[in-house]
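Reader: Could you zoom in on one spot for me and tell me how covered it is and what packs around it? I'd like the cut-offs spelled out as you go.

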Amino acid sequence: MTNWWQGLVWGSPEWRMPAAVVGVLAVLAVLTAYLAISGPSRVRWLAATLKAVAIATLLLCLLEPLRTEDRPRPGANLFVVLADNSRSVTLRDAADDSISEQMRATLDESAWQIRLGQDFDVRRYGFDDRLQSLGDWSSMSFDGQRSALGAALQGIRQRFEGQPLAGVLLLSDGVATDVVEPLLQQGHALPPIYPVRYAHGAPAADAAIRRVSVRQTNFEDSPVLITAEVAAHGFPVETELKLELLDAANEVVDTSSVKPARDEAVAVELRVRPESAGLHVYRLQVKAISDVAESTLANNQRLVMVQRDRGPYRLLYVAGRPNWEFKFLRRSMEEDRELDLVALLRIARKEPKFVFRDRDTGNANPLFQGFDGKDAENVEQYDQPVIVRIRVEENELRDGFPKDAETLFGFHALILDDVESDFFNEDQLSLIKEFVSQRGGGLLMLGGAGSFANGGYGDTPLGDMLPVYLDQASDQPPAGAVRYRMKLSREGWLQPWVRMRSSESDEHLRIEEMPAFETLNHTARIKPGATVLASVDEQRRGSDTPRSLPALVSQRYGKGRAGALMIGDYWKWATHRKEGGERDLEKAWRQMMRWLVSDVAGRVEAAAQPLEDGRGVRIHVDVRDDAYRPLDNAEVTVTVSTPDKRSVALAASAGQQPGVYESEFAHREAGPYLVKVQVKAPDGSDIGDAEAGWVHEPDADEFKSLEPNQALLDRLAEATGGETLASSSLESGVARISQRRAVVNETKMLPIWHRWYVFLFAALCLAGEWGLRRWNGLP
């Protein structure tokens, strides 16, 4: 703030010396006079001071003090009056008042508009889903579907860029359907904003769904969770709200009842199991079990789009020997149509051998001679491991573990079980690293004699990816000497795929009934950023103090994830199942495999991202080649299905990043929009397709809040250097705006010396001096 004396100038500076001489003589005369009389010293000094101040004030008037201030030059600056034309301002409060009626009265009032027009070139604008210039306010109908406040302010800034815009008078309830936060962060780039505050009472009765989120879990009993934030206002205490989830056939899929406290939102979870893969649209609706009429029904329902991933997802299982783990893992996968388990089982190691051969002796391993009609060239040799392929496609993995990215990257996850690092060559180990970091695949290593440090992975690329440190090999104690009891960590309790039961009490009971394991790959340290989801308590014979060790650990690595299951005899869980009880091991395997492939991307990925102005979406397509590198020059076809069953073909252009293609679509009709993307390589071959979608619900966004967002308006005023004005005293508020600096200003000189308050001050000092002398009996 500028100090008042910084704008002070003297109209007659030539009088400074005479005034100073007269002032000094006058002060000396006053002091001499008061020193010559008798009386209390405090009274004499105070009276002398008052008289000296009065004389000094009058002498200063000889210098003609003037105050300068910069004010907007009349007519040289622009000023925008921006009014909200959306339907949210028509909502009535409990007293049956609405902001639209108050706003109409403000716009019909001429006094403040005349005052504003005296100093500024006033421009009138209205906004709802777009910004519109208005000749007068008669076209304001308050029926717009959206309140694009952020886009309107951006539009004002762009339209008047480079012009002397002094400010924006904003008439709105502050309920924006687009993003305003970026404007607050760059408030210096906006002109001063002056929001008008309107009176608004308590909201009328209303039940609303504020926001909805969808979460796909790997918990097979609840694959899709829909969380709705439900709020109620103005209903009697303990009013019950009923929330229903309906499918495309208008059949109720799930329902829940809730009693939210007054002015508080409650999160309600509903569950749905889509019967098929792809995009599904559901409708959420809430209603109060009460006879009270609601303020609006536009916010009582929301559309929800659920995308169930399309499988099957292919998992490659590699084991160094046949074992019980594979038996139960394979059995669990047979019940899941979305998971396809392909296995490579080594049943014999390679046998380098020197023998004296006669003419009937060959190089083929006799284990495979005479089977499958193989000729001598295709039978495994002595110096090759004997590997059995299970559930492979024709000629797939004929040479064992993949040696090129095209083959390995065709899988979504890789499981290594009891197989040592020497099974892979250096190129294959590096390929596995790229599979996780670049392709985004999942890697899970299972415990066993040939896994982790025992398998020699410590100094390999896989050792870098695993979430645990491979310090040293584990010595397996004698059978029965050590028992390991599994328990979930805090992070494990938060992951649905780690749990087997829907309630905490049932989950505790399940954990207590789990058998003790006897085989564990020991590690005491996990890597930074890794998460322990489950641990085991090591109970050694003769020791009463159990030691906690990691059992299930995961971490992100590049675009993918890596997990470590340290238990080597996980299969024993199935042998302790009670007759007629839950098949928990098989369920655990399915959930773990779903987690492993849940975020693995395909060669074509599509997503619909809302534009900043809220008037449409940007369709973002990622395209990768067979090695999952960005693919340019692809032919991308985008087709949008609108709510009225029209199909619109869009051209997708290359984005700023390699392998990225983008297209924009402006939605108008309310409802669900479905996107289908088809991609072809530059040579014309098919790469793949993808689906995406979004829901356009202008009513739900417009009426998401029944109360004005005054806090947002105040923040806009503060961030831009403006001021919040009261609607009841708008004329005086506009007068204050005219006293502020603008872009184009003029300097005015305001004389101080002949102001009445200056002479009044001098007279009061003299009167005070006279009163002190008379009161204390001084001459």
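Author: Sure, cut-offs first: buried means under 20% relative accessible area, exposed means over 50%, and partly exposed is in between (1.4 Å probe, protein chains only). This is a predicted model, where local features need pLDDT of at least 70, side-chain atom pairs count only at pLDDT 80 or more, and totals for chains, interfaces and linings use all residues. Residues are numbered from 1 along each chain as its sequence is written, and side-chain values use heavy atoms, with hydrogens and water left out.

Let's take Glu507, which sits in helix H12, residues 504–513 (helices are DSSP runs of H or I, at least four residues, numbered from the N terminus). Its relative accessible area is 0%, so Glu507 counts as buried. What's around it? Skipping neighbours within four places in sequence, Glu507 is in contact (heavy atoms within 4.5 Å) with Leu488, Trp493, Val498, Arg499, Met500 and Arg501. For contrast, Val21 belongs to helix H1 and is partly exposed, because its relative accessibility is 42%.

If you care about helix packing too, look at H7 (residues 324–333) and H14 (residues 584–597): their axes come within 8 Å and cross at roughly 75 degrees. That makes H7 and H14 roughly perpendicular (65 to 115 degrees, between N-to-C directions of lines fitted to C-alpha atoms over the stretch in contact, on a scale from 0 to 180 degrees). On the H7 side, Glu325, Phe328, Leu329, Arg331, Ser332 and Met333 make the contact, and H14 brings Leu585, Glu586, Trp589, Arg590 and Met593.

Notes. Helices (H or I, at least four residues) and strands (E, at least two) are DSSP runs, numbered from the N terminus. Angles under 35 degrees count as roughly parallel, over 145 as roughly antiparallel, 65 to 115 as roughly perpendicular and the rest as oblique.
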